[in-house]
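Colleague: I am new to this structure and would love a close look at one part of it. Could you pick a helix, show me how it sits among its surroundings, and then walk me on from there?

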Amino acid sequence: KGKCPEDGWDESTIELFLHELAIMDSNNFLGNCGVGEREGRVASGLVARRHYRLIHGIGRSGDISAVQPKAAGSSLLNKLTNSVVLDIIKLAGVRTVTNCFVVPMATGMSLTLCFLTLRHKRPKAKYIIWPRIDQKSCFKSMITAGFEPVVIENVLEGDELRTDIGAVEAKIKALGAENILCVHSTTSCFAPRVPDRLEELSVICANYDIPHIVNNAYGVQSSKCMHLIQQGARVGRIDAFVQSLDKNFMVPVGGAIIAGFNESFIQEISKMYPGKASASPSLDVLITLLSLGANGYKQLLKERKEMFSYLSSELKKLADNHNERLLDTPHNPISLAMSLKNLDENNDAAVTQLGSMLFTRQVSGARVVPCGSVQTVNNYTFKGFMSHANDYPCAYLNAASAIGIKKQDVDVFLKRLDKCLKTSRKESKKGKVVNEISNSNTGTEQLED
């Protein structure tokens, strides 16, 4: 049926299935005689076993979704994977999606592929409207495709950084709709930035006949992000949305899913990919979804949501104990932020030092964001880089509840963060006292002189 099975398969069943696919490829035929330059030959038995002898990859030179005659098994694997992934995207909340394909590139390069496909439809366009998010790969995806990003600064509403819809529309009018390749929006993001106002942006794109590409990097795991995409497509225009395989399905880095509501446009993107491609990302996600089943994946989504609530409540308690606060970002369903005002006021270096302390204590993924850092990316200078705004009111720390997180992860993180904050406050107080003594001594010396 091309759908994800309700209940997961056991490993031996999955391996039997993969071996059956593999013996359909010509490189595994008994008595095969290959005289071409690409015959699926592998020197190492270990490498062959790692890939279940599915060596030919996916697609043909002109289309990543095309069937290879001498690799029927790999081609079937590719078709099945795309079909099963489409089923999961619908299950996760985007019910009207019509087409998708797995591409063996991470999110940034997959976005670039979308922009390059649009180039042929809009040859005069040179700008991409981009509500600011301080993440390098989505910014570089536009530069790599040869377009000029037009950065739209976010507006501060309470603690949240939200899309400036008025500025987006004003910029479209100023530049001219025909000169704009697309609007490049974002769903999943680090708090205190929250998902873009997708419905309003989609309506603007429909009104001005401008394509709309959504960076949904780790949004499949969030029902709220998926609902925003579904609503945006219902009321306006979304041409494609791109999501990472590793972040949403817990597989190795190296693949993404490009999906959309217009089947022919998604096919155009797949045909834009030059040459054949690695089957590894498709194989990884198919194995994972067959082992989980639809029910297993739904259970992971449910657990993630529960852990978000738990992380939120416990991080709030810890923040209160340290005279800090959990920033109020109700529109962000995955990421949380806790202020670091006390550290920031005592010592600028104390904020970045906290990040180092957490990392050396084996806390990965937590981001410490100081005030006022400046970074240049591809000749564009961002003030307040990592905070998604030029002047966010305070330094803060990020933590996220992503798919696969366990209660133990949250508890250990909070325990180590508590210790690090206590140590940082002691050290920053010492530094403050030393500075005061040093300043008073200098004053005395000057007076004596």
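Modeller: Let's start with helix H7, residues 198-208, where Leu-198, Leu-201, Ser-202, Ile-204 and Cys-205 are buried. Helices (H or I, at least four residues) and strands (E, at least two) are DSSP runs, numbered from the N terminus. Buried means under 20% relative accessible area, exposed over 50%, and partly exposed in between, with a 1.4 Å probe and protein chains only. The buried residues of H7 cover an arc of only 160° around the axis, so they lie on the same side of H7. That arc is taken from the directions from the helix axis to the C-beta atoms.

Before going further, please keep in mind that this is a predicted model, in which local features need pLDDT of at least 70 and side-chain atom pairs count only at pLDDT 80 or more, while totals for chains, interfaces and linings use all residues. Residues are numbered from 1 along each chain as its sequence is written, and side-chain values use heavy atoms, leaving out hydrogens and water.

What covers the buried residues of H7? The cover includes helix H6 (165-175), strand S6 (180-186), strand S7 (212-215) and helix H8 (223-235). Just after H7 comes Asp-209, with a positive phi near 55°.

H6 makes a good next stop. Its buried residues include Ile-165, Val-168 and Ile-172, and these three cover an arc of only 60° around the axis, which puts them on the same side of H6. Lys-173 and Ala-174, on the other side of H6, are exposed. The buried residues of H6 pack against strand S2 (127-131), strand S3 (148-152), S6 and H7. H6 is followed by Gly-176, which has a positive phi near 90°.

Now back to S7 and H8, since the loop between them holds Asn-216. Is Asn-216 buried or exposed? With a relative accessibility of 0%, Asn-216 counts as buried. Its side chain joins that of Gln-243 through a polar contact of 2.8 Å. A polar contact is a pair of N or O atoms within 3.5 Å; within protein, one must be able to donate a hydrogen and the other to accept it, and residues adjacent in sequence count only if both atoms are side-chain atoms. Leaving aside neighbours within four places in sequence, Asn-216 is in contact with several residues, among them Thr-187, Cys-225, Phe-241, Val-242 and Asn-248. Contact here means heavy atoms within 4.5 Å.

Val-242 leads us on to Ser-110, which touches Val-103, Met-105, Val-242, Ala-256 and Ile-258, not counting residues up to four places away in sequence. Ser-110 sits in helix H4, residues 107-121, and is buried, with a relative accessible area of 0%. The side chain of Ser-110 reaches the backbone oxygen of Met-105 at 3.3 Å.

One more buried polar side chain is worth a visit. Gln-68 lies in the loop between helix H2 (45-50) and helix H3, and at 5% relative accessibility Gln-68 counts as buried. The C-alpha atoms of Gln-68 and Ile-58 are separated by 7.6 Å, with the two residues 10 apart along the chain. Setting aside residues up to four places away in sequence, the residues that Gln-68 touches include His-56, Arg-60, Ser-75 and Lys-276.
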